[in-house]
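These entries record what I looked up in the structure, one topic at a time.

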Amino acid sequence: MFDKSESVFPSRKNSLFLAHCAISPMQYQAKVAAQDFLTAMAEGGICSLPPYFNLLPRFHQKCGQLFKTDPQNISCTHNTAEGMCLIANGYPFNKGDEIISYVNEFPSNHYPWRLQEKKGVKLVLLDDKDPLGSFSSLRSPRAWSMKDLEDKVSSRTRIIALSHVQFTSGYAADLKELGEFCQERNIDLVIDGAQSVGCLPLYPEEYNVSAVAVSCWKWLMGPFGSGLLYTSPAFRDKIEMTMAGPACMQQGLEYLDHRWHPHKDGRKFEYSSLAWEHIAAMNSLLEAVFLRYSMEGIRNEVLRLQDIFLEYLDPDLFRPLLFADQHRSGILAVVPSCDGRGLADRVAKHGLVVTPRSDYIRVAPHFYLTDDDMKRAAECFNMEAAKG
Ligand SMILES: Cc1ncc(COP(=O)(O)O)c(C=O)c1O
């Protein structure tokens with residue numbers, strides 16, 4: 001049922017790409033849409049713009065569909081860190097308030113919170129834990145635990161900021177459980193969705209999530225430097241603007257009307273000019289892929305492909321971090337018996353693209369790969385690891 005053809009996923013022609021947790025090949029229709037926009041701009045500049053005036057409203061609408069939310073809750077950004085900074089810098093913290101995060105978060109979901117320390121806000125970090133019990137000797141990141149969260153939460157906790165999927169180990173948060181935890185305590189749950197959106201379903205309103213910041217060039221296969229941000233209306237109302245320009249004001253093109261009249265919807269955070277070729281690309285790929293297939297269908301296909309890989313992988317040469325179903329994600333981290341970086345270089349000679357992190361090799365296939373691809377990948381891993 002999935003179109004996995006080389007014409008739509010041309011990277012299949014010359015590689016076996018298992019690094020969608022890094023920088024993905026841009027989806028084909030997205031590339032065409034971006035090119036068309038750039039060609040139009042090269043030919044006519046402002047004169048070419050009118051047919052594109054609806055790009056941004058369509059982007060809001062399509063991302064709203066993806067998140068099962070109102071388009072008004074979507075903002076177009078450039079990356080995860082920008083979304084996080086817009087939120088963190090504008091949040092009405094009082095001295096002594098606390099933010100809880102995890103010690104091994106990606107920097108884009110760490111430094112925006114660290115910036116708040118100058119306001120007298122405390123950043124409390126969850127420890128690294130081994131939920132599988134068999135990786136305790138490893139020094140690489142594994143996961144955080146609900147028990148640690150329960151121990152560390154306090155009456156001063158305002159925000160819990162965690163990745164839906166941890167970038168090193170692939171551990172996925174149980175957002176339902178986390179959302180209920182936050183709702184009971186009136187805490188804002190902020191999610192870094194960079195490693196999940198495009199692979200796992202993420203419906204913020206179902207889980208009581210206040211905000212989700214995303215980079216679009218991983219699992220969404222969009223242009224490098226494109227991002228998106230979801231904010232719930234109540235959360236957005238609380239956030240003070242820390243970036244401002246023409247695009248966030250209701251008077252729009254009336255540039256000399258300088259009244260302070262910001263949008264109340266997600267445009268509040270779209271302070272100025274955006275890369276429209278990115279938006280054109282995103283609209284095309286959302287339509288061609290992520291709104292065409294269900295997110296549940298994509299997740300199931302990715303996990304099925306991982307299972308085929310595991311079926312052929314030699315357990316004497318590799319130990320996979322196989323989390324319980326609700327904690328699995330697009331990233332399958334495996335611990336090789338040999339040096340991971342060397343192994344990644346060696347399998348690259350066979351056309352396999354994988355990214356090592358800490359003691360892991362991250363195997364991150366997307367839905368458009370095939371059963372044969374996964375078997376070939378495992379056999380190549382086995383052959384190269386057996387050489388030591
Ligand atoms: C969990 C996570 N968040 C965010 C990012 C990217 O952040 P940014 O969009 O700020 O470059 C990555 C990239 O690897 C990531 O793994």
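**Entry 1: helix 10.** I began with the face of helix 10 that is turned away from its buried side, and found that it carries the exposed residues Arg341 and Asp345. I note here that the model is a predicted one. I then listed the buried residues of helix 10, which spans residues 340-348: they are Gly340, Leu343 and Val347. These buried residues lie on the same side of helix 10, because they cover an arc of only 60° around the axis. I next asked what covers the buried residues of helix 10. The cover includes three strands written close together in the numbering, strand 11 (352-353), strand 12 (355-357) and strand 13, as well as strand 10 and helix 11 (371-386).

**Entry 2: domains.** I looked up how the chain is divided, and recorded domain 1 (10-26 + 294-386) and domain 2 (43-290). The C-alpha centres of domain 1 and domain 2 are 27 Å apart. To the contact, domain 1 contributes 28 residues and domain 2 contributes 26 residues. On the side of domain 1 that touches domain 2, I found that helix 9 (295-312), strand 10 (332-336) and strand 13 (360-363) each supply at least two residues. Helix 9 gives the most to that side, with five residues. I also sorted that side of domain 1 by class, and obtained 14 nonpolar, eight polar and six charged residues.

**Entry 3: nonpolar core.** Which residues have the most contacts inside the largest nonpolar core? I found Leu18, Ala211, Leu285 and Ala377, in a core of 112 residues. Helix 8 (residues 276-290) gives the most to this core, and its share is nine residues. The core draws at least three residues from domain 1 and at least three from domain 2. As a general point, nonpolar side chains tend to be buried together in soluble globular proteins. I then followed Ala377 and asked which residues it touches. Setting aside residues up to four places away in sequence, Ala377 touches Leu16, Leu18, Phe309 and Leu352. Leu18, one of these partners, is also among the residues with the most contacts inside the core.

**Entry 4: ligand.** How many residues surround the ligand? I counted 13, and the closest are Asn79, Ser108, Phe167, Ala194 and Ser215. I divided the shell around the ligand by class, and recorded four nonpolar residues, eight polar residues and one charged residue.

How values were computed. Residues numbered from 1 in each chain as written. Predicted model: local features only at pLDDT ≥ 70, side-chain atom pairs only at ≥ 80, totals over all residues. Core = buried A, V, L, I, M, F, W, Y, C linked by C-beta atoms within 7 Å. Buried ≥ 20, exposed ≤ 12 C-beta atoms within 10 Å, placed from the backbone. Helix = DSSP H or I, 4+ residues; strand = E, 2+ residues; numbered from the N terminus. Domains from an automatic or database assignment. Contact = placed C-beta atoms within 7 Å. Nonpolar A, V, L, I, M, F, W, Y, C, P; charged D, E, K, R; others polar. Near = placed C-beta within 6 Å. Arc of directions from axis to C-beta.
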